[in-house]
Each structure stands twice: as structure tokens, then as C-alpha cells.
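The exercises below each set a task on the model shown here, and each is followed by a solution that goes step by step.

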Amino acid sequence: MAKIPELKAQYIWLVVLIVYIIPTLTPIGAPFEMSDITIEIYEFIDTLPEGSIVIIGGSYVFAFDLESSAALIACLRHMARKGLRVVNAPFAVEAVQFEKYCIDAARVDEKYGGPWKYGRDYVQLPYMPGAAAAYVAFLEDVHSAVATDVEGTPLSELPLMNDLRSWEDIDAWVCPHWSFDFVVRYATAERDIPSIYFAQAAAYAGYSPYMMAYPGKCWMTNGFLGGAQYEKLEGVPGLGHAVVDAYAIMSAVYIIFIVLGNITMFSRMGEEEEEI
Amino acid sequence: MSATITYVRTYLVRLLIIIGLVATLASYYFVSPQVDAVANELNIWNMNIMTFTLFVGIFTIFSRYIKSVMDRSKYWPYMLYGMVLIIVWIIFGTYTGIYSDIYQTAFLSTKITLHIAILGQLIFFMTSAAYRLFRIRTMRTAVFAICAMAIVACNAPWLLGPFPIVDKISFWLLDNPSMAGARALLLTGGIGGVVLGIRLLLGLEKGALRATEEV
């Protein structure tokens with residue numbers, strides 16, 4: 001068997017770069033299958049009555065959470081269309097910026113021509129430190145855990161916050177951040193609040209058994225693919241659709257390189273035996 | 001004197017842990033508004049302490065960095081740059097508000113863009129590493145390589161369409177072998193935490209409180 005040369009890392013990086021650039025410049029519109037779970041999430045949001053209060057909260061860093069933004073932006077548009085109300089509850093420093101980014105990108109605020117008015121339909125709370133303690137404090141008594149919104153307005157002056165006192169007023173919890181375990185533990189398991197996680201692909205593998213543990217109470221989408229699925233359901237192609245092309249090609253390229261590495265090894269093993 | 005302070009600190013921390021532990025456990029197992037109120041109050045304390053530690057963090061960074069910059073120790077220009085950035089961001093955030101559009105734009109254009117770029121680089125290294133490392137030489141590396149390929153394949157849009165069964169295989173893998181391993185890690189970690197807590201309360205584990213360093 002002919003000896004296959006070892007590829008230098010730089011050549012592999014070049015292939016990866018090309019794989020990213022081509023679909024960015026010329027989108028190929030890679031097909032993707034709709035997930036039953038994403039449909040369930042969509043239908044669950046649909047069943048929530050007008051005026052229901054949904055918490056969007058969790059904790060991690062913006063750069064990781066960006067993967068969740070595709071599904072969240074589509075979901076925000078869905079919730080705004082349905083007349084739901086949202087309270088953004090950040091439990092990490094950068095979560096405030098991430099939640100603002102998604103609200104702005106979804107164009108749901110009336111300043112962008114959307115149906116939501118700040119204070120009446122959605123509120124942005126400030127960062128709540130304390131990890132697990134903050135989640136519990138927030139769920140037990142919202143107004144004790146946090147006194148003002150992110151801009152310092154007392155919660156009593158915001159109509160939406162007068163309707164949100166404790167976990168009993170929460171109809172669903174959407175987590176677009178990494179720390180879904182806190183949400184499942186304190187909101188779903190202990191207080192029976194349905195939870196939705198727009199998971200990053202890397203987190204999905206770790207947290208997906210929660211769906212088996214709490215069927216009909218806990219759902220997750222999978223990375224940008226899940227985002228693209230939600231966008232398709234809502235009819236607003238965005239970041240998810242844009243990324244799926246690269247996602248599809250890259251997953252094939254990754255497997256090809258693993259196979260190629262093994263073929264290279266086997267071809268060289270034969271050579272080594274002959275040399276011996 | 002320093003030893004006395006260390007021991008006072010150690011016992012004070014131990015007392016706080018016991019109060020927190022008992023309050024949390026009591027609120028979990030008993031239905032009592034009084035117990036719930038104590039537990040909630042402690043949770044609020046916890047949040048306040050965490051807020052305070054953010055300030056402590058800033059002071060700690062500055063006290064260390066200033067010393068390093070004065071001594072011209074290794075990487076001092078980066079430390080100086082870090083301190084300047086912290087001051088600029090604090091003034092900027094305080095002046096404009098962290099929910100303002102201008103703060104958001106500045107934050108997205110600098111910190112977030114750079115962080116995303118760093119994360120984006122990972123796929124280059126992951127692919128070249130997969131090429132070199134996932135080579136089936138032994139049973140162990142075979143399991144490793146097959147698991148990696150299975151996870152990628154089960155998330156690949158081009159495979160999920162023509163073969164919907166892949167999605168079910170993916171869930172079976174995640175819900176059974178993957179969850180079993182994860183639960184084992186979680187349980188052992190939890191048991192380890194309980195053992196560590198007991199050792200801490202009994203005074204056997206002083207290292208965590210830095211008691212041994214100063215005595």
C-alpha cells in the first residue's frame with residue numbers, strides 16, 4: 001500500500017477556512033430536518049394565554065450564548081406576536097448585554113415598530129449575583145431579590161413587575177444561557193415551572209437527559225440547528241439558517257479528516273512493518 | 001496574633017456554614033413561613049456577599065497589578081493595559097448606563113467580538129487534532145474515535161434528513177450511556193462535597209480556609 005503523507009496542520013486549517021468562507025459568500029441552502037422537540041416548544045409557546053409571564057434567564061458568557069440567540073430571537077418574535085410578557089433575569093454579568101442584543105435583534109420593541117413596550121410587555125433586570133442562591137431568592141420573592149430594573153427604575157413603577165411577585169406568577173422559563181441545570185433544579189423540579197433551553201450544541205449533549213427526566217415540562221433545541229428549526233417555524237430565516245450551511249459541510253469534513261487520519265496511519269503501519 | 005485571627009476567622013466561617021446549611025435544609029424539608037423567611041434572608045445575604053466580592057476582585061487585581069507594574073515584572077505592560085481598560089469601562093458604564101445603545105455597541109465591538117473570534121478558532125484546532133488523535137491504535141482509542149464520530153454524525157443535518165433513525169440513536173446514547181457516566185460523576189462529586197463539608201466542620205480540613213498557611 002502506498003504511503004500516504006501526514007498532512008500538516010496548516011493545510012487542515014486552510015480546508016476548514018475554505019469550508020467556512022464558501023457558504024458565507026454563496027449560501028447553498030443546506031436542507032435540514034425539523035425536530036419533534038422544536039415543534040413541541042413552538043406549540044407550547046402557542047398554547048400560553050395572552051399576558052402570560054415568561055422569564056428569560058440564566059448565566060454564562062455572551063460569546064458562548066450567541067449560539068442560543070438564533071432560536072431566542074425567533075422565539076421573542078413568536079412571544080411578542082402572541083402577546084406574552086417577558087422578564088429578562090440575568091444571573092451572569094454579560095447576560096444583560098446578551099439579552100439586550102436579542103431583544104434589539106428581534107425588533108420587538110416599539111422603537112423598532114414592534115408590539116412590545118418597555119415596562120408593560122418586557123423588563124430587563126440587572127445582574128443578580130449569587131448563583132444558586134440568587135435563583136432561589138428570585139423565585140421565592142422577586143422584589144426582595146432585586147429592587148430596580150437595569151436602569152435603576154424601582155420595580156414598583158413598572159406595571160409588568162407588579163404582576164410578578166414570585167414563582168407562582170411565572171408561566172414558563174426560557175434559558176438561552178449555559179446554566180440550564182439551575183433552571184431545571186429550582187424552577188422545573190422544585191416548582192413545576194415548564195422550562196425551555198435553547199442549548200449550545202456542546203451543552204445539549206450534557207443536559208438533554210433532563211428531557212427524559214421531566215417529560216412535557218422540559219424541552220431543548222440543539223445549537224444553531226435548533227435555532228434554524230425555530231426560525232423556520234416562525235418564518236423568519238436568520239442566523240440559524242446562515243450557519244446551517246457551514247454546520248452541514250463542517251460536520252462532514254470533520255468526519256472525513258478522522259477517517260483520513262486512520263487511513264494515513266494504516267498505510268504507514270504497513271511501511272513500518274516492511275522497514276522492520 | 002495572626003494565628004488567633006486565623007482561628008477566629010476559621011470558626012466564624014464554620015458557624016456561618018452551619019447556619020446556612022441548617023436554614024437551607026430546614027426550608028427544604030419543613031413547611032414553615034418563619035423558616036422560609038430565614039432561608040430567603042440568607043439567600044439575599046448570599047447575593048449581597050457575592051456583589052461585595054466583585055468589588056474585592058477589582059481591588060485585588062489593582063493591588064497585585066500596581067505592584068507588578070512598579071516592579072516592572074513579567075507582562076507588566078499587559079497589566080497596565082488591563083487596569084486602564086477596567087477604569088475606562090467603569091467610567092463609561094457609569095456615565096452612559098450599561099443598558100444604553102452606545103455601551104452595548106462598544107461592548108459588542110470589542111470584548112464580545114474578540115471572545116467570539118477566540119472561540120471560533122477552536123474548530124481549526126479541533127479538526128487538526130481530530131485528524132492526529134482519533135487514530136484507532138487500541139481498543140481505548142477506538143472507543144474514543146467512534147464516540148467522537150457518533151456525536152458529530154448524530155448532529156449532522158445531512159444525515160438526519162435521509163436517516164431519521166440517527167436522531168433516535170443520538171437520544172439513546174445521550175439518555176443511557178452518557179447520562180450514566182454523568183450521573184456517576186455528579187454523585188461522586190456530591191459525596192465528595194459532603195465529606196469535605198464534614199471535614200471542614202470538624203476542623204480537619206483547614207487548608208480551604210488558609211488556616212495552615214499562616215499558623
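Helices, as counted here, are DSSP runs of H or I with at least four residues, and strands are runs of E with at least two, both numbered from the N terminus. The model is a predicted one.

**Exercise 1. Describe the overall make-up of chain A: how many helices and strands are there, and what share of the residues is buried?**

Step 1. The secondary structure of chain A consists of 12 helices and 6 strands.

Step 2. Taken along the principal axes, the box that the C-alpha atoms of chain A fill is roughly 80 × 40 × 35 Å.

Step 3. Buried means under 20% relative accessible area, and 57% of the 276 residues of chain A count as buried.

Step 4. Among contacts in chain A with a separation of 6 or more, 73% come from residues 24 or more positions apart.

**Exercise 2. Compare the expected span of helix H7 of chain B with the distance between its end C-alpha atoms, then locate its kink and what covers its buried residues.**

Step 1. Helix H7 of chain B has 37 residues (165-201), and at 1.5 Å a residue the helix should span 54 Å. The expected span uses one less than the number of residues.

Step 2. The end C-alpha atoms of this helix are 52 Å apart, which agrees with the expected span.

Step 3. H7(B) nevertheless has a kink of about 45°, centred on B:Met179, and B:Met179 is also one of the buried residues of the helix, along with B:Val166, B:Ser170, B:Phe171, B:Leu174, B:Asp175 and B:Leu200.

Step 4. The cover over these buried residues comes from both chains, and includes H2 (36-47), H9 (201-207) and H10 (209-213) of chain A as well as H1 (2-29), H5 (139-154) and H6 (157-160) of chain B.

Step 5. After H7(B) comes B:Gly203, with a positive phi near 80°.

**Exercise 3. Characterise the interface of chain A and chain B by its contacts, its buried area and its polar pairs.**

Step 1. In chain A 66 residues are in contact with chain B, where 49 residues take part.

Step 2. About 5200 Å² is buried between the two chains, and carbon and sulfur atoms give 70% of this area. A:Gln97, A:Lys100 and A:Tyr254 supply 13% of the area that chain A buries against chain B, which is more than any other three residues.

Step 3. Counting residue pairs in polar contact, both at pLDDT 80 or more, gives 13 between chain A and chain B. On the side of chain A that touches chain B, helix H12 (residues 239-275) gives the most, with 16 residues.

Step 4. The rule finds 4 salt bridges across this interface, whereas the count over all chains is 15.

**Exercise 4. Where do the partners of the salt bridges A:Glu6 to B:Arg135 and A:Glu94 to B:Lys111 lie, and is each partner buried or partly exposed?**

Step 1. Side chains of opposite charge can pair when their charged atoms come close. For A:Glu6 and B:Arg135 the N to O distance is 2.8 Å.

Step 2. A:Glu6 belongs to the segment before helix H1 (9-25) of chain A, and B:Arg135 to the loop between H4 (101-133) and H5 of chain B, a pair that crosses between chains.

Step 3. A:Glu6 is partly exposed because its relative accessibility is 34%, while B:Arg135, at 4%, is buried.

Step 4. The side chains of A:Glu94 and B:Lys111 meet at 2.4 Å, N to O. A:Glu94 is in the loop between strand E2 (85-90) and helix H4 (95-106) of chain A and B:Lys111 is in helix H4 of chain B, so this pair too joins two chains.

Step 5. A:Glu94 counts as buried at 11% relative accessibility, and B:Lys111 as partly exposed at 31%.

**Exercise 5. Which residues of chain A does A:Gln229 touch, and which side chain does its own side chain join in a polar contact?**

Step 1. A:Gln229 lies in helix H11 (residues 223-234) of chain A, and A:Gln229 is buried, with 5% relative accessible area.

Step 2. Leaving aside residues up to four places away in sequence, A:Gln229 touches A:Phe32, A:Glu33, A:Met34, A:Ser35 and A:Thr38.

Step 3. With A:Thr38, the side chain of A:Gln229 makes a polar contact of 2.8 Å, side chain to side chain.

Technical notes: Residues are numbered from 1 along each chain as its sequence is written. Chains are lettered from A and ligands numbered from 1 in the order in which they are written. Side-chain values use heavy atoms; hydrogens and water are left out. The bend at a residue is the angle between axes fitted to the seven residues ending there and the seven starting there. Buried means under 20% relative accessible area, exposed over 50%, partly exposed in between (1.4 Å probe, protein chains only). Contact means heavy atoms within 4.5 Å. Buried area is the accessible area (1.4 Å probe) that two parts lose on being put together, summed over both. A polar contact is a pair of N or O atoms within 3.5 Å; within protein, one must be able to donate a hydrogen and the other to accept it, and residues adjacent in sequence count only if both atoms are side-chain atoms.
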